[in-house]
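This report covers the fold, the nonpolar core and one helix pair.

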Amino acid sequence: MNNSKLFSCATCGVMACSHDARDKYPDECVSKNIDQSLVDQALDLYKSDPAIESLARDVARIEKEFYCKYTRVEETIELILRQKYSLVGVATCIGLLRECSIFCRILEKRGINYLAVGCKVGAIDKEFLGLGKDEKLHPEFEHESMCNPALQALYLNTKGTQFNVVMGLCPGHDAIFLHYIEAPTTVMIVKDRVLAHNPAAALYTLNSYYERIKA
């Protein structure tokens, strides 16, 4: 492999890797050019960790059984039940507390124990990050709490959550949470305040309503 060249799946129109049709791999295919030792390393991760192997197996089975039948909410709950997680953490934006409450009630009805924590936990003023009053969303207030995804993660870690669900953390805040959280984590809601939390809509309308994004 030429290390000076970066291979990418973004421009692929073949997707031969889905059936391992190696004779149809494009020249710049990642699967065609990836170092076999890296493939072996990835497979070893599954075999060396029974919990991860079990998680991957159940996800594949759920895909088979409920493909285009279950919503993401239903698939997530099905996965939690099959994995028999005793405590599920929910890291939510406080702007989506209503949605978080609905989801947690669904968990409760299915006998799933949960622990939810909002993004403003700790109530630390944004001045901690070096922001001045004019840089705050509401400069008219004396105190404006920063989002604290690191504390959300640490709190759930200390409580021993076995699986976590992210609900609407801001771009970047979700990255910080995922950096510090210890247990496997999935994303239920991706925040987009303009598009009702459906960021893919901007890509679907790239040649019309959101053409400005291409600039």
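The paragraphs below go from the whole chain to the core and then to a helix crossing.

The model is predicted, so local features need pLDDT of at least 70 and side-chain atom pairs count only at pLDDT 80 or more, while totals for chains, interfaces and linings use all residues. Residues are numbered from 1 along each chain as its sequence is written, and side-chain values use heavy atoms, without hydrogens and water.

The protein chain has 8 helices and 4 strands, taken as DSSP runs (helices H or I, at least four residues; strands E, at least two) numbered from the N terminus. Their order along the sequence is α-α-α-α-β-α-β-α-β-α-β-α. Of the 215 residues, 31% are buried (under 20% relative accessible area, 1.4 Å probe, protein chains only).

The largest nonpolar core (buried Ala, Val, Leu, Ile, Met, Phe, Trp, Tyr and Cys joined through side-chain atoms within 4.5 Å) holds 31 residues, and I80, F103, V165, M167 and F177 have the most contacts inside it. Among the elements giving it two or more residues are those tabulated here.

| Element | Residues |
|---|---|
| α3 | 50-66 |
| α4 | 72-83 |
| β1 | 88-92 |
| α5 | 97-109 |

Because domain 1 (27-69) and domain 2 (71-214) both contribute residues, this core lies between them; the bounds come from an automatic or database domain assignment. Beyond four places in sequence, F177 contacts (heavy atoms within 4.5 Å) residues including A91, L156 and V166.

The axes of α3 and α4, lines fitted to C-alpha atoms over the stretch in contact, come within 10 Å and cross at roughly 135°.

How values were computed: Buried means under 20% relative accessible area, exposed over 50%, partly exposed in between (1.4 Å probe, protein chains only). Axes are lines fitted to C-alpha atoms, for helices over the stretch in contact, and angles run from 0 to 180 degrees between N-to-C directions.
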